[in-house]
Amino acid sequence: MYRKLEQDVQGFREDEKVLAKRIAEYAHPKTPTPTEEDVALAGAYMVGRFQDGTPVVDREVAGLGPMPNNFTFDADPDGVRCPFQAHVRKTNPRGDKQRQFGQPLTQERTVRIVRRAVSYGKVTLQPGKDDKVGLLFLCAQSSIADQFEFIQNQWANNKDFLRDKSGLDPVIGTRKLDQPNPDPIVNGDWPKLYGSRNELDFSKVPPAVVGHTFSEHVGERVTMKGGEYFFVPSLSALRTYGGMEEGT
Ligand code: HEM
């Protein structure tokens with residue numbers, strides 16, 4: 001599966017700043033101007049990892065090194081360290097479906113994909129100065145419908161996955177066509193401190209969700225410009241029909 005995904009990097013950075021402001025207002029209300037750390041944490045909440053790869057479920061600052069890739073969300077069942085909304089948690093929930101719905105882990109794992117991507121274009125972060133930038137995204141799976149399309153449609157684009165009102169995936173989430181225009185206001189209920197638990201706030205209609213949630217409407221900063229689905233025969237098929245010997 002191949003897709004050309006154009007990114008609105010400027011827009012993503014704007015979302016990040018709005019979230020950083022929100023974090024700052026809660027974390028240090030007397031000096032509510034966002035610090036560099038607040039901005040980095042906001043980005044990590046959106047992606048699920050800091051720019052250097054540190055998983056936000058493990059720490060509230062970057063620089064964990066050596067970088068773990070086999071981290072889990074076991075210690076964060078309510079999404080108070082890594083939002084359910086974060087790109088990596090949406091696209092690989094690492095056991096959330098078992099914790100939340102009692103489904104066997106083996107079932108969640110059948111949705112996994114193998115990814116490879118290269119970026120294109122040059123980012124300057126000056127309004128109007130960017131080249132067109134984005135990602136040439138390639139992934140392999142045995143069923144495009146049950147894996148790639150399932151991740152994109154049922155998880156990333158589903159504001160109610162993993163829990164009601166978790167929000168769209170802030171990186172690749174896209175609203176359904178019949179959903180209303182985005183509300184630019186970030187209306188999530190933020191924890192006062194990283195990892196602190198918010199309780200449901202019934203003064204809000206609808207009530208805010210436990211844990212981090214920034215907005216149903218953060219996201220939509222990636223536009224699909226084109227792509228293609230390809231069929232690659234399995235190794236066993238090649239061996240059977242192509243006359244290949246084992247190990248060649
Ligand atoms: C421009 C579009 C995209 C950007 C900027 C992006 C960015 C990222 C980043 C920064 C990570 C974390 C580092 C890593 O594991 O590689 C990641 C992980 C991942 N992304 Fe994306 N991604 C994009 C599109 C997609 C799409 C279309 C899908 C599938 C529908 C996808 C699925 C995943 C998965 C499965 C992971 C690994 C999650 C994990 O195992 O923790 N991404 N992506």
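Me: In what order do the elements of the protein run from the N terminus on?
Reply: The order is β-α-α-α-α-α-β-β-α-β-α. In total there are seven helices and four strands; these are DSSP runs numbered from the N terminus, a helix being H or I over at least four residues and a strand E over at least two. This is a predicted model, in which local features need pLDDT of at least 70 and side-chain atom pairs count only at pLDDT 80 or more, while totals for chains, interfaces and linings use all residues. Residues are numbered from 1 along each chain as its sequence is written, and side-chain values use heavy atoms, with hydrogens and water left out.

Me: What makes the contact of Arg-221 and Asp-15 a salt bridge?
Reply: The term asks for a side-chain nitrogen of Lys or Arg within 4 Å of a carboxyl oxygen of Asp or Glu. In this pair the N to O distance is 3.1 Å, so the condition is met. Asp-15 belongs to helix 1 (residues 9–27) and Arg-221 to the loop between helix 6 (148–156) and strand 4 (222–228), so the bridge ties together parts that are 206 residues apart in sequence. The structure holds 13 salt bridges.

Me: Why is Asp-15 called buried?
Reply: Asp-15 has a relative accessible area of 12%. Buried means under 20%, exposed means over 50%, and partly exposed is what lies in between (1.4 Å probe, protein chains only). Asp-15 therefore counts as buried. Its partner Arg-221, at 22%, counts as partly exposed. Of the 248 residues of the protein, 39% count as buried.

Me: How do you know that Lys-21 and Glu-25 are separated by about one helical turn?
Reply: Lys-21 and Glu-25 are four residues apart in helix 1, which gives that spacing. The two form a salt bridge, with the closest N and O atoms 3.1 Å apart. Lys-21 is partly exposed at 45% relative accessibility, and Glu-25 is partly exposed at 38%.

Me: What makes the pair of Arg-89 and Asp-76 a salt bridge?
Reply: The closest N and O atoms of Arg-89 and Asp-76 are 3.0 Å apart. Arg-89 lies in helix 3 (residues 87–91) and Asp-76 in the loop between helix 2 (36–47) and helix 3, so parts that are 13 residues apart in sequence are tied together. Both Arg-89 and Asp-76 are buried.

Me: Which residues are linked with Arg-89 in a network of salt bridges?
Reply: The network links Arg-89 with Asp-74, Asp-76, Asp-96 and Arg-99. Asp-96 also has a C-alpha 9.4 Å from that of Thr-72, across 24 residues of sequence. Thr-72 lies in the loop between helix 2 and helix 3 and is partly exposed, with a relative accessible area of 36%.

Me: How many residues surround the ligand?
Reply: The shell has 19 residues, and the closest are His-87, Thr-91, Asn-92, Arg-94 and Arg-115. To count, a residue needs a heavy atom within 4 Å of the ligand. The shell divides into 10 nonpolar, five polar and four charged residues. Nonpolar here covers Ala, Val, Leu, Ile, Met, Phe, Trp, Tyr, Cys and Pro, charged covers Asp, Glu, Lys and Arg, and the others, Gly among them, are polar.

Me: What makes the approach of His-87 to the ligand a polar contact?
Reply: A polar side-chain atom of His-87 lies 2.9 Å from a nitrogen atom of the ligand. A polar contact is a pair of N or O atoms within 3.5 Å; within protein, one must be able to donate a hydrogen and the other to accept it, and residues adjacent in sequence count only if both atoms are side-chain atoms. The pair with His-87 therefore qualifies. Oxygen atoms of the ligand also lie 3.1 Å from a side-chain N or O atom of Arg-115 and 3.5 Å from a polar side-chain atom of Arg-112.

Me: What is notable about phi of Arg-94?
Reply: Phi of Arg-94 is near 45°, a positive value in a residue other than glycine. Arg-94 is found in the loop between helix 3 and helix 4 (96–101), and its relative accessible area of 23% makes it partly exposed.

Me: What kind of peptide bond joins Phe-161 and Leu-162?
Reply: The bond is cis, with omega about 15°. Leu-162 is found in the loop between helix 6 and strand 4, where Ser-166 is also found. The backbone nitrogen of Leu-162 lies 3.5 Å from a polar side-chain atom of Ser-166. Ser-166 counts as buried at 4% relative accessibility.
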